[in-house]
Amino acid sequence: MGTGSSKNPDCSSSHGSDDREDQGGGQLYVSLKMEENSYLLKSELIPHVYGSVPLVGSWDPSKALAMERESSSMWELSFVVPPNHETLDFKFLLKPKYSNSPCVVEEGPNRLLTGGTLQGDARSAVFRLSGGEVLLEYRVFIKADRVSPFDLAASWRAYQENLQPSTVRGIPDVSMNSVPESGTENCSSASLELDLEHYVVPAPTTSANSGLLYAANMTETPRSLSHANAFSKAAGGASHPVSIGVPTERPATIKEMEVIVPDPTIVYSSSGIVESKSVGTLSSLQKQDGQRGLFVDRGVGSPRLVKSPSLTTFTVDQNVHSEAKNPIPAAAGAVAAAAVADQMLGPKEDRHLAIVLVGLPARGKTFTAAKLTRYLRWLGHDTKHFNVGKYRRLKLGTNQSADFFRGDNPEGIEARNEVAALAMEDMIAWMQEGGQVGIFDATNSSRKRRNMLMRMAEGKCKIFFLETICNDRQIIERNIRLKIQQSPDYAEEPDFEAGYWDFRSRLDNYEKVYETVEEGSYIKMIDMVSGHGGQIQVNNISGYLPGRIVFFLVNTHLTPRPILLTRHGESRDNVRGRIGGDSVLSDTGEVYAKKLANFVEKRLKNERAASIWTSTLQRTILTANPIVGFPKIQWRALDEINAGVCDGMTYEEIKKNMPDESRKKDKLRYRYPRGESYLDVIQRLEPVIIELERQRAPVVVISHQAVLRALYAYFADRPLKEIPHIEVPLHTIIEIQMGVSGVQEKRYKLM
């Protein structure tokens, strides 16, 4: 808009022909602005407007309307008038802010405003100060927009509703009503007369039912085993070729079955080739020359080869040719800030993290790896779980007896090292293509094996070991029996006892050669799985992500307990189709609150340590109000996604008033103006996830659609891009059963 200009946009052309607005007396929203050209005394003089009806109705300077500062140099006054309003006769004046000095009226004739347009020649507002020695000049702008009276009424109604006092203001953040309040007894329409199973409805096909599957089967598939005839028979094992597709996002970049097993006690020269005995192919790796070097711990997880005084030259270079993409996690807040810092300031290998599991069989390694994978993916880190046992079964078959795992069986050791190297190569290749965190799941029970893995990771990724130690014989026995029931290793063994004693023998073979981790960077979890104490030892662990992993592991355990997720009962804003807000429940919502209380009473009747979590918004607190006998905790983190300036609007109103705003392009990252995105919600929900993992008793979470989508995605291990589209209907309870076998889901539809 030009200097000293006025503008009255053709409202009918900008909004189309709207007879309803004309007939209904559509209003003009007028924005009157002044911009200072001179900054003299600007902090002491406040621009005002005074004049005739319909704006001020008085030429008395004491009744002039003050303009509001919009920026360091801009002042603004907005008002609403009818399109056919009387001509507004007005002038600008300056009032001193801190004194009773006389007002200063602008020079020139009065200004005339008709139909949202300034009449006459456009001019700046000029003020003469100090007897005419000082001139202040302001540029004048005006803009008029046609506003529907229905929009004005809706805005006024929303404004009035926001002024209404909250119905739950007197309820403390933590409360427990041990006895039913008067009048809250469940009437026949709100009680659940039938057994709870009657209300069960089918869960989605992508539900959180990982507990029904063997965790190792859900890990990454070997790239090089995806081609036909890629399997080979090993001593003592049968071959079971299976057609396995390679995921499209992971193109094969490694030659089929070209697996090199480095000897951690050998230092390689800079030239020559080495033959892989187990496969019979040649690699450009350095030739073994029998020379030895020294391993020096750098304190970041992977050792650095240092030249021995007795050697002349040696180099180790296993760079993958594909250039790393080093993507930033799909995250906001602290996660994104930490990733940027690591990428800008840290060593190149620190941009990728390898978490190498260590531990005897039946100690919960795969369960821990699966849970950690789920957590890191939910935070936005591209994470994959590589299980060496799956690699072994796909390459060597599932019929290895306990003798295959003996420490004095050289053929078995070579075959197991071969598949471990294959899995490690796949993981590193994936990282070089842009992957961020790889979890390497195997026993890795000897220093020799771990040294081999550190050598392979040298210069490519940061590596630390995660050792799980369990001395509880009862837990070990339970894990062994679950292993026999679920593991493909014993799928063809009809005799449970025979499989049990074979696995016992395998475990004995591992125990004879087991060496606890003392090298590099590591985390040791000692007797943590029960949730009753235990300890964690941390050595040379630094950085944001490793620190978050430690915090997560401290709070996890295997104690079975249900987590119930449900939206609040239907609110009045739900009925109106308005997003956000803080309205009370509708009549239907109040009925659901009573049905939910009846459900919780039946479902958790033997779980008196359970608790009820709500947001701080009254529709969730009112939904929880009829529930008695359990503590109730309000979480600000459980509040609905902040819709910013769109709060209280319908989607139709957003489309009409903000046509340039579109969530459909990227609903995950879209941030409402002055509000939140789904990624913002995930960041503030991390403490909730940690506490849900730490809780040993059932928890009922009463929250909102966007928040429950994010929480459910964590338990169901759903990709981040799917979170905004997960179905979380009203008046439905999602029961997440957490335990040693994974996560299982059940849904109840009460209304």
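# Briefing: sheet pairing, helix capping and salt bridges

Glutamate 36 has tyrosine 138 as its bridge partner in strand 11. This pair belongs to a predicted model, and the chain in question holds 17 helices and 29 strands. The points below begin with the chain as a whole and then turn to one sheet, one helix and several charged pairs.

**The chain as a whole**

- Of the chain's 751 residues, 52% count as buried.
- The accessible surface of the chain comes to about 34500 Å², and carbon and sulfur atoms account for 51% of that area.
- When contacts between residues at least 6 apart in sequence are considered, 71% of them join residues at least 24 apart.

**A five-stranded sheet**

- An open sheet is formed by 5 strands in the order 4-5-1-11-10, with antiparallel pairing.
- Its edge strands are strand 4 (68–69) and strand 10 (125–129), each of which pairs on one side only.
- Strand 1 covers residues 27–36; in the order of the sheet, this strand stands between strand 5 and strand 11.
- Because 8 of its 10 residues are buried, strand 1 is largely enclosed by the rest of the structure.
- On one side, strand 1 pairs with strand 11 (residues 134–147) in the antiparallel sense, over 10 bridges.
- Strand 1 is also joined to strand 5 (residues 74–81) by 8 bridges, and these two strands run antiparallel.
- In the pairing with strand 5, methionine 74 stands opposite glutamate 35.
- Strand 11 pairs in turn with strand 10, again in the antiparallel sense, over 5 bridges.
- Within that pairing, glutamate 137 of strand 11 stands opposite valine 126.
- In a regular strand, side chains alternate between the two faces of the sheet.

**Helix 3 and its cap**

- Helix 3 spans residues 149–163 and has 15 residues.
- From its first C-alpha to its last, helix 3 reaches 21 Å, close to the 21 Å expected at 1.5 Å a residue.
- Serine 148 caps the N-terminal end of helix 3: one of its side-chain oxygens lies 3.0 Å from the backbone nitrogen of phenylalanine 150.

**Salt bridges**

- Side chains of opposite charge can pair when their charged atoms come close.
- The count of salt bridges comes to 33; three pairs are described here.
- Arginine 406 forms a salt bridge with aspartate 408, and the closest N and O atoms are 2.7 Å apart.
- With a relative accessibility of 28%, arginine 406 counts as partly exposed, whereas aspartate 408 is exposed, at a relative accessible area of 57%.
- Glutamate 467 and lysine 524 form a salt bridge in which the closest N and O atoms are 3.9 Å apart.
- This pair links distant parts of the chain, with glutamate 467 in strand 21 (residues 462–469) and lysine 524 in strand 22 (residues 522–526), 57 residues apart.
- Both glutamate 467 and lysine 524 are buried.
- A salt bridge also joins arginine 506 to aspartate 489, with 3.3 Å between the closest N and O atoms.
- Distant parts of the chain are linked by this pair: arginine 506 lies in helix 10 (residues 496–513), while aspartate 489 lies in the loop between helix 9 (473–486) and helix 10, 17 residues apart.
- Because buried means under 20% relative accessible area, arginine 506 counts as buried at 5%, and aspartate 489 counts as buried at 10%.
- Arg506 and Asp489 also belong to a network of salt bridges that links them with Arg392 and Arg393.

Key:
Residues are numbered from 1 along each chain as its sequence is written. This is a predicted model: local features need pLDDT of at least 70, side-chain atom pairs count only at pLDDT 80 or more; totals for chains, interfaces and linings use all residues. Side-chain values use heavy atoms; hydrogens and water are left out. Helices (H or I, at least four residues) and strands (E, at least two) are DSSP runs, numbered from the N terminus. The expected span of a helix is 1.5 Å times one less than its number of residues. A polar contact is a pair of N or O atoms within 3.5 Å; within protein, one must be able to donate a hydrogen and the other to accept it, and residues adjacent in sequence count only if both atoms are side-chain atoms. Buried means under 20% relative accessible area, exposed over 50%, partly exposed in between (1.4 Å probe, protein chains only). Contact means heavy atoms within 4.5 Å. Accessible areas come from the Shrake-Rupley method with a 1.4 Å probe; for residues, only the protein chains shown count as cover. Two strands pair if DSSP finds at least two bridges between them. A salt bridge is a side-chain nitrogen of Lys or Arg within 4 Å of a carboxyl oxygen of Asp or Glu.
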